[in-house]
2 protein chains.
Amino acid sequence: MGIIARRGMLGSIGAGLAVGAMGNMPLWARAKRKLGYAVVGLGSYATQQIMPRLAQCEFAELRALVSGTPAKLEKFGAQYGIPRTHWYDYRRYDRIRDNPDIDLVYVVLPNSMHAEYAIRASQAGKHVLCEKPMAVSAAECEAMIAAARAARRKLMIGYRSQFEPHNLRAIELVKSGFVGRPTLITSEHGFHIQPRQWRLDHALSGGGSLMDIGIYSLNAARYLAGEEPLEVSAMESTDRNDPRFATVEDRIDWQMRFPSGAIANCVSSYSSGHNAFRVTGTKGWVGMDPATSYAGHRMWTRRDAQTSEVTLPPPGKDQFVAQLDHLAESVLTGIPLRASGEEGLKDLQLIEAIYRSARERRVIKLA
Amino acid sequence: MGIIARRGMLGSIGAGLAVGAMGNMPLWARAKRKLGYAVVGLGSYATQQIMPRLAQCEFAELRALVSGTPAKLEKFGAQYGIPRTHWYDYRRYDRIRDNPDIDLVYVVLPNSMHAEYAIRASQAGKHVLCEKPMAVSAAECEAMIAAARAARRKLMIGYRSQFEPHNLRAIELVKSGFVGRPTLITSEHGFHIQPRQWRLDHALSGGGSLMDIGIYSLNAARYLAGEEPLEVSAMESTDRNDPRFATVEDRIDWQMRFPSGAIANCVSSYSSGHNAFRVTGTKGWVGMDPATSYAGHRMWTRRDAQTSEVTLPPPGKDQFVAQLDHLAESVLTGIPLRASGEEGLKDLQLIEAIYRSARERRVIKLA
């Protein structure tokens, strides 16, 4: 690790967006080594989705593990060839500061721990990739942004769908005017949640389906609209006798109105399956189902009374790899960071407005 | 006309619902003549959809025409063989009382005229079928119901989708538990409205897309839910600089919460095309697109990770014929009336709540 190696042509990330091409890179960047990630929190998402993908990255690799469970450090340390010197428990977490092999920290902890562990990573001089939701409040997001700024380090949020080719194509189609002027965005996400997990404990999750899966509906509505909502109105529906929902909401659906006049109807559910969006405009629509899944995305368009499925070639990098590489590439080459802390903050501001609208039973205007 | 004829086996209406089978009919009914409709208002819907279908009816036929335009009376009188004695203008409308060939009156006028012409028909001793929306206010609906009750005559609203086999099958599937406990109903209707027509004049229409096409989203959400909403929250979006929308709304989307906890997300638009609904529950979903069109309905279900298209055999009677026959059959045999005035009133109460919610920017609880 830490060996400087010349690298060949850099691949592109996603469908034509944020391409880092060799020709545009400064000489120092072309010669730069891969950056090293520490993964914080060795739950199923980290170990099953993220860590295997780090081996496929062009600009980054796995170099350190952070967990409170010694057996996990043993197991994954062995599996990924991470030496004991690069294992950390939460007590020793701040010592990552002294490890120059760690450039980037990926925070994959329960939501209520995101802010603390992201801020401590920034303070340790590391760039941060933090899972969504960025934190459990907008105030925490602001503290995270301030900490990264003070440390002159980057802060990115794990919005993997913003690196997924079908989603990028849908954004392009809307932006190009394919659907005409967008009038309605529907964005629906939900699944059946199993009992007894941290996501159902408000102290750890900060909220129910909205914090976990509804945030996909929210984030997609925003990136599809290409503008920020002016106001929000929400309705919650939770069976408080269901032991899963003792402290968090099951379902919350909301409407957002955008400056263009477009309205988004969004769904968030822990008791039914949804993974779809559609942007309808004055000339047609573009839709996906599944829209933000790990794989198997499908996409359709309608124009001139013709519905067509859109098939894309397999991407050079899948959404996970593209996301992991993006932070590293941005650090290495200075390309603008997508899915930044400011993006995560916007979602938390909206999530707070959605909860408030449902509680106060009225439209909430956004600042 | 007026000839008493014995008739054979009576066909069924729709997918197994409200079947009028010969064996269950009283003897007097089996021997009854067809009933005669007067059609009030000879616009495109009446002349292109309704009048051709009356020729296919089992229990009814076209016997009189009401129009303010003499040329239309001449043209359609000749086309359908209706004698001059059975032509009425609006000045002479109340004289239908003296015409025993007229049993039923179908009111197909602009919305703001529904109440007056339905009430005058009831007062003339006729049974009434009135196009949706039933009227432009709940108060008018109540007056129409009172007038029909006082006259001991029936009052039905033209909810043709309640007689359409795919819609009836969708209702049955939800009721049978196919989707589990319903959690989300999406119901979306809209089209691009052409300028310069009475629907865009609030004095005649009583409202914009909601009165015209959004009422399909509303009525379908209610019949799919099989229960009545407790509260509603709505958001309007209208470009008042568009000359089409000087006096009526373009788009209004709303949420309704039902006693079971199900939430409906409904769309009504005059500037984009939508004709679909879906009921998602804890076990799967059933959806249609198009859902409430004149023809070409398509229906899908999803259960156990399997999506299937549902194909139904061609119906004995299409939705128009089934609707026209239903009022006549109910009059002849006493079968319970579906799509009654009370059903139309419920929609107008909700429409008023939807407009009020959008205006006051808060959730409206229903009485």
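This is a short walk through a predicted model with chains A and B, taking the domains and sheets first, then some helices, and ending on one glycine.

Okay, so let's start with chain A and how it divides up. The domain assignment gives domain 1 as 22–160 + 319–340, and domain 2 as 165–315 + 348–365. If you take the C-alpha centres of domain 1 and domain 2 of chain A, they sit 27 Å apart. The two domains do touch: 13 residues from domain 1 of chain A and 13 residues from domain 2 of chain A make up that contact. On the domain 1 side, we're looking at eight nonpolar residues, four polar and one charged.

Now the sheets, still in chain A. One of them is an open sheet of six strands, in the order β3-β2-β1-β4-β5-β6, and the pairing is parallel. The edges are β3 (87–88) and β6 (155–157) of chain A; each has a single partner strand, so one side of each has no neighbour in the sheet. Let me zoom in on one of those edges. β5 of chain A, residues 127–130, runs parallel to β6(A) and is joined to it by three bridges. If you want a residue to click on, A:C130 is opposite A:I157 in β6(A).

The other sheet I want to show has nine strands. It's also open, the order is β14-β13-β12-β11-β7-β10-β9-β8-β15 in chain A, and here the pairing is mixed. At its edges we find β14 (306–310) and β15 (364–365) of chain A, each with a single partner strand, so again each is left with one side unpaired in the sheet. In the middle of that order, β9 (residues 251–257) and β10 (residues 263–269) of chain A pair antiparallel over six bridges. There, A:D253 faces A:V267 in β10(A).

What packs on this sheet? Helix α6 of chain A, residues 165–175, is one of the answers: α6 touches β7 (182–190), β11 (274–281), β12 (284–288), β13 (299–303) and β14 of chain A, and its direction makes about 165 degrees with that of β12(A). Then there's helix α10, residues 341–360 of chain A, which packs against β8 (231–237), β9 and β15 of chain A, at about 60 degrees to the direction of β8(A).

Let's hop over to chain B. Its contact with chain A takes 25 residues from chain B and 25 residues from chain A. Which elements of chain B give two or more residues to that side? Those are β7 (182–190), β8 (231–237), β9 (251–257), β10 (263–269) and β11 (274–281) of chain B. By class, the chain B side has five nonpolar, 14 polar and six charged residues.

Next, the buried bits of chain B. For strand β1(B), six of the six residues are buried, so the strand is largely enclosed by the rest of the structure. B:L35, B:Y37 and B:V39 point one way, B:G36, B:A38 and B:V40 point the other way, and all are buried. β1(B) pairs in the parallel sense with strand β2 (residues 60–66) of chain B over six bridges, and B:L35 has B:A60 as its bridge partner in β2(B).

Helix α4 of chain B, residues 114–123, tells a similar story: eight of its 10 residues are buried, so this helix too is largely enclosed by the rest of the structure. What's covering those buried residues? The cover includes β1 (35–40), β4 (104–107), β5 (127–130), α5 (138–150) and β6 (155–157) of chain B. And just after α4(B) comes B:G125, with a positive phi near 85 degrees.

One helix pair before I finish. The axes of α2 (residues 44–54) and α9 (residues 319–333) of chain B come within 9 Å and cross at roughly 65 degrees. The contact uses B:Q49, B:I50, B:R53 and B:L54 from α2(B), and B:F320, B:V321 and B:L324 from α9(B). That's five nonpolar residues, one polar and one charged. The crossing of α2(B) past α9(B) is right-handed.

Last stop: A:G125, in the loop between α4 (114–123) and β5 of chain A. Buried or exposed? Well, A:G125 is partly exposed, because it has 15 other C-beta atoms within 10 Å, and a buried residue needs 20 or more. Beyond its neighbours within four places in sequence, A:G125 is in contact with A:R97, A:A151 and A:R153.

Notes:
Residues numbered from 1 in each chain as written. Chains lettered and ligands numbered in written order. Predicted model: local features only at pLDDT ≥ 70, side-chain atom pairs only at ≥ 80, totals over all residues. Axes fitted to C-alpha atoms, helices over the stretch in contact; angles between N-to-C directions. Helix = DSSP H or I, 4+ residues; strand = E, 2+ residues; numbered from the N terminus. Left-handed = near helix turned anticlockwise from the far one by under 90°. Contact = placed C-beta atoms within 7 Å. Nonpolar A, V, L, I, M, F, W, Y, C, P; charged D, E, K, R; others polar. Buried ≥ 20, exposed ≤ 12 C-beta atoms within 10 Å, placed from the backbone. Domains from an automatic or database assignment. Pairing = 2+ DSSP bridges.
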